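Open the model in your viewer and keep the selection tool at hand. This short tour says what to pick next and what to look for there.

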Amino acid sequence: TVELRVSMHCYGCARKVQKHISKMEGVSSFEVDLENKKVVVTGDVTPYEVLQSVSKVMKFAELLVAPKSPAPSR
């Protein structure tokens, strides 16, 4: 699963991203959240592949990294 923050301003931008991701090889599902400017892609893809691909159609896209869980205390 890959999460991206993408600079989408309108439904046209969101549709453009949806269309592009739907054509990517290895993608089993995806969700485009225009309100939060977030794209979640699931499938046999690497974060770099998705980022590189979305960056071709949108001006700004960045990977969202999940926060690391705190180290166990001793």
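**Stop one: helix H2**

Start with helix H2, residues 47–57, where Val 50, Leu 51, Ser 53 and Val 54 are buried. Keep in mind that this is a predicted model. Now show what surrounds H2. Which elements do the buried residues of H2 pack against? Select strand E1 (2–6) and helix H1 (11–22), then add strand E3 (38–43) and strand E4 (61–63): the buried residues of H2 pack against these four elements.

**Stop two: strand E1**

Stay with E1 and turn on its side chains. They alternate along the strand. Val 2, Leu 4 and Val 6 point to one face and are buried. Glu 3 and Arg 5 point to the other face and are not buried.

**Stop three: the partners of E1**

Select E3 next. E1 and E3 pair in the antiparallel sense, over four bridges. Find Leu 4 in E1, then look across to E3: Val 39 stands opposite.

Move on to E4. E1 pairs with E4 as well, again in the antiparallel sense, over three bridges. Pick Val 6 here; its bridge partner in E4 is Ala 61.

**Stop four: Ser 7**

Go to the loop between E1 and H1 and select Ser 7. Is Ser 7 buried or exposed? Its relative accessible area is 17%, so Ser 7 counts as buried, the cut-off being under 20%. Finish by showing its contacts. Leaving out residues up to four places away in sequence, Ser 7 touches Met 58, Lys 59 and Phe 60.

How values were computed
Residues numbered from 1 in each chain as written. Predicted model: local features only at pLDDT ≥ 70, side-chain atom pairs only at ≥ 80, totals over all residues. Heavy atoms only, no water. Buried < 20%, exposed > 50% of the residue type's maximum accessible area, 1.4 Å probe, protein only. Helix = DSSP H or I, 4+ residues; strand = E, 2+ residues; numbered from the N terminus. Contact = heavy atoms within 4.5 Å. Pairing = 2+ DSSP bridges.
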